[in-house]
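Biologist: I would like to learn how to read a helical model step by step, beginning with the general idea and then turning to the case at hand. Could you take me through it?

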Amino acid sequence: MTDVIDKTELLEEINGDIEFLNESFEMLEEDAPTLLTAIRSGMESADAEAIWKNAHTMKSMVGNFYAQPCFDAAYTVETQGRQGNLEDIGNSIDVLETEMQKLLAALRDVLMWIELIYYHEAHEDNEGKNI
């Protein structure tokens, strides 16, 4: 089973910049529904260009999180759109949506875990100090 995100790579990449990770997550959380809606609209209107362009944007965004399953799903939708292969694209879009939901949930968990660690470390640093 493939992990939703590669936490080791992600944490190495952000190099302790939790604020950057949180801002990136918030951007993805805000933009993903809009992109998925645009992809579905493209499917409904048989607009292959709208499909592949929005899938490409999504792929670029999720690549920043070392989220291979979601990246692969976006790549599949993008490729089908570029090739004009819209016959079964609904299934691919469903997979992409599911993978995006998994990614957002995994990122929420990672952020919560990081916040707990930093809170615990800050609390330990302050023990015994007269503040």
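Modeller: What follows goes from the overall layout to helix packing, then to the core and to two loop residues.

Biologist: What should I establish before looking at any detail, and how many helices and strands does the chain have?

Modeller: Please keep in mind that this is a predicted model. The chain has five helices and zero strands, so that, read from the N terminus on, its elements run α-α-α-α-α. Of its 131 residues, 34% count as buried. Among the contacts in the chain with a separation of 6 or more, 71% are between residues 24 or more positions apart.

Biologist: How does one describe the packing of two helices, and at what angle do α2 and α3 cross?

Modeller: In general, two packed helices are described by the angle between their axes and the distance between the axes. Here the axes of α2, residues 18–44, and α3, residues 48–63, come within 8 Å and cross at roughly 160°. Because angles over 145 degrees count as roughly antiparallel, α2 is roughly antiparallel to α3. The crossing of these two helices is left-handed.

Biologist: Which residues make the contact between α2 and α3, and how do they divide by class?

Modeller: From α2 the contact includes Met-27, Leu-28, Ala-32, Leu-35, Leu-36 and Ile-39, while the residues from α3 include Ile-51, Ala-55, Met-58, Met-61 and Val-62. Taken by class, the residues of this contact comprise 14 nonpolar, three polar and one charged.

Biologist: How do α3 and α4 cross, and what is the make-up of their contact?

Modeller: The axes of α3 and α4 come within 8 Å and cross at roughly 160°, and these helices are therefore roughly antiparallel to each other. The crossing of α3 past α4 is left-handed. Among the residues in contact are Trp-52, His-56 and Lys-59 of α3, together with Phe-71, Tyr-75, Glu-78 and Arg-82 of α4. By class, the contact of α3 with α4 has ten nonpolar, three polar and three charged residues.

Biologist: What is the general idea behind a nonpolar core, and which residues have the most contacts inside the largest one here?

Modeller: In soluble globular proteins, nonpolar side chains tend to be buried together. In this model the largest nonpolar core has 32 residues, and those with the most contacts inside it are Leu-28, Leu-96, Met-100 and Leu-103. Each of α1 (7–14), α2, α3, α4 (68–82) and α5 (89–126) supplies at least two residues of this core, and the largest share, eleven residues, comes from α5.

Biologist: With what is Met-100 in contact, leaving aside its neighbours within four places in sequence?

Modeller: With those neighbours left aside, Met-100 is in contact with Leu-28, Ala-32, Leu-36, Met-58, Val-62 and Cys-70. Of these partners, Leu-28 is itself one of the residues with the most contacts inside the core.

Biologist: Which residue in the loop between α2 and α3 should I look at, and is it buried or exposed?

Modeller: Look at Ala-46, which is found in that loop and has a phi near 55°, a positive value in a residue other than glycine. Ala-46 is exposed, with a relative accessible area of 55%.

Biologist: What is the phi of Tyr-66, and where does this residue lie?

Modeller: Tyr-66 has a positive phi of about 55° although it is not a glycine, and its place is in the loop between α3 and α4. At 28% relative accessibility, Tyr-66 counts as partly exposed.

How values were computed: Residues numbered from 1 in each chain as written. Predicted model: local features only at pLDDT ≥ 70, side-chain atom pairs only at ≥ 80, totals over all residues. Heavy atoms only, no water. Axes fitted to C-alpha atoms, helices over the stretch in contact; angles between N-to-C directions. Helix = DSSP H or I, 4+ residues; strand = E, 2+ residues; numbered from the N terminus. Parallel < 35°, antiparallel > 145°, perpendicular 65-115°, else oblique. Left-handed = near helix turned anticlockwise from the far one by under 90°. Contact = heavy atoms within 4.5 Å. Nonpolar A, V, L, I, M, F, W, Y, C, P; charged D, E, K, R; others polar. Core = buried A, V, L, I, M, F, W, Y, C linked by side-chain atoms within 4.5 Å. Buried < 20%, exposed > 50% of the residue type's maximum accessible area, 1.4 Å probe, protein only.
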